[in-house]
Amino acid sequence: MATARPQSLMLGFLGIYGLGRATAVYSGSVIEVFERIGVSEEAVRSTLTRMVKRELLARHRRGRKVYLALTPRAAAVLEDGHRRIWETGAVNRDWNGSWTLVGFSLPDSRRNERHDLRSQLVWAGFGPLQNGLWIAAGTVDVVRIVEDLGLADAVTVLTAQAMKPTESADLVGKAFDVAAIAGRYRAFLSRWDVPRPAEEARDDLARQLLLHTDWLQLVRQDPHLPAEHLADGWPAVRAETVFRTLAARYEPAAARIAAALLDEIALPPGNAVTAAGAEPTEDT
């Protein structure tokens, strides 16, 4: 049933049932939740292992059970996703006419750094205007990106406005694959804007996780382009309405099912996060 990668589904699950809660969840109950969406125990364990190793989850032991809690790093990722879903939205109606420009030139000897920078820029809503010059609509803070990558000295960051003969609409068409973005929203609508979406799913908890994961992947790939430079009938408008309607529909029953399934412990005050340790493979 699940079409997204297990880690994407896990991030969706943690965004709903982990973010903002000073608790850790038993790995065995996570396996029970994911069984409802067709993800195997082996895949869940493998995903949890990788997330512990990447310091996205921290282990807490109670007897033979292992409970997992978000680390600050994971919380930052999930908070960004929460903002994109519930605050930023899928349609940029408040663009002020400015662009953030990032220029860089890294030789082939630094191709890995160049790849990492490009990946982070795409995540932040940038598109390549021309060789070594990337743009994003509005004012985008890229300090954390370049500092985390150790590239502050190799990158130039500016804000600017288009001036004739350049038009902002031309910049949108040159730097971003607008057709591909629209296609992703139409694919979302084809799955969810139907009389009985995810009918094959076991219950509303399964539907909730599938819906949130699909939507989060969409908005994280969306550069949030100015609505005024997008085609009439831009599919993100309808898609966002469908997402919010279904999210509200699934939430009550999903929350009840999750409360019955999830085995959680409260984290001690001041000890909400512990260092990432070995693989979470104890008895479940």
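This is a dialogue on how to read some features of a predicted model.

Biologist: Since I am new to this structure, where should I begin, and which residues have the most contacts inside the largest nonpolar core?

Modeller: The general idea is that, in soluble globular proteins, nonpolar side chains tend to be buried together. In this predicted model, the largest nonpolar core has 71 residues, and those with the most contacts inside it are F13, F34 and W215. Helix α10, residues 235–261, supplies the largest share of this core, namely 11 residues.

Biologist: Taking F13 as an example, which residues is it in contact with, once its neighbours within four places in sequence are left aside?

Modeller: With those neighbours left aside, F13 is in contact with G18, V30, V33, F34, L209 and L262. There is also a second, separate core of 14 residues, and L106, L121, V140 and L151 are among its members.

Biologist: How should I read a pair of packed helices, and what is the angle between α2 and α3?

Modeller: Two packed helices are described by the angle between their axes and the distance between the axes. Here helix α2, residues 27–35, packs against helix α3, residues 41–53, at an angle of about 130 degrees, and their axes are 9 Å apart. That angle makes α2 oblique to α3, and the crossing in which α2 passes α3 is right-handed.

Biologist: Which residues of α2 and α3 make the contact?

Modeller: On the α2 side they are S27, V30, I31 and F34, while α3 contributes E41, V44, R45 and L48. Sorted by class, this contact of α2 with α3 has five nonpolar, one polar and two charged residues. Two of the α2 residues have already come up, for V30 and F34 are also listed among the contacts of F13.

Biologist: Could we read a second pair in this way, and at what angle do α8 and α9 pack?

Modeller: The angle between α8 and α9 is about 170 degrees, with their axes 10 Å apart. Angles over 145 degrees count as roughly antiparallel, and α8 and α9 are therefore roughly antiparallel to each other. Their crossing is left-handed. From α8, the residues R184, Y185, F188, R191 and W192 meet R207, L210, L211, D214, W215, L218, V219 and Q221 in α9. By class, this contact of α8 with α9 has eight nonpolar, one polar and four charged residues. W215, which meets α8 here, is also one of the residues with the most contacts inside the largest core.

Biologist: What lies in the loop between α8 and α9, and is A198 buried or exposed?

Modeller: A198 is found in that loop, and it has a positive phi of about 50 degrees although it is not a glycine. Because its relative accessibility is 6%, A198 counts as buried. V194 lies in the loop between α8, residues 178–192, and α9, residues 204–221, but V194 counts as partly exposed, at 33% relative accessibility.

Biologist: Which other residue has a positive phi without being a glycine, and where is it found?

Modeller: E55 has a positive phi of about 60 degrees although it is not a glycine, and it is found in the loop between α3 and β2, the latter being residues 57–62. With a relative accessible area of 48%, E55 is partly exposed.

Biologist: Which residues does a cis peptide bond join?

Modeller: A cis peptide bond joins K164 and P165, where omega is about 15 degrees. P165 has its place in the loop between β7, residues 155–161, and α7, residues 168–175.

Biologist: How should I relate separation in sequence to separation in space, and how far apart are L14 and A198?

Modeller: L14 and A198 are 184 residues apart in sequence and 21 Å apart in space, C-alpha to C-alpha. V194 and E147, by the C-alpha reckoning, are 47 residues apart in sequence and 45 Å apart in space.

Biologist: Where is L14 found, and which residues does it contact?

Modeller: L14 is found in helix α1, residues 6–17, and it is buried, with a relative accessible area of 8%. Leaving aside its neighbours within four places in sequence, L14 is in contact with L19, M51, L57, L70 and L78.

Biologist: To finish with a charged residue, is D80 buried or exposed?

Modeller: D80, found in helix α4, residues 72–88, is buried, with a relative accessible area of 17%. Not counting residues up to four places away in sequence, D80 touches W123 and R220.

Terms used
Residues numbered from 1 in each chain as written. Predicted model: local features only at pLDDT ≥ 70, side-chain atom pairs only at ≥ 80, totals over all residues. Heavy atoms only, no water. Core = buried A, V, L, I, M, F, W, Y, C linked by side-chain atoms within 4.5 Å. Buried < 20%, exposed > 50% of the residue type's maximum accessible area, 1.4 Å probe, protein only. Helix = DSSP H or I, 4+ residues; strand = E, 2+ residues; numbered from the N terminus. Contact = heavy atoms within 4.5 Å. Axes fitted to C-alpha atoms, helices over the stretch in contact; angles between N-to-C directions. Parallel < 35°, antiparallel > 145°, perpendicular 65-115°, else oblique. Left-handed = near helix turned anticlockwise from the far one by under 90°. Nonpolar A, V, L, I, M, F, W, Y, C, P; charged D, E, K, R; others polar.
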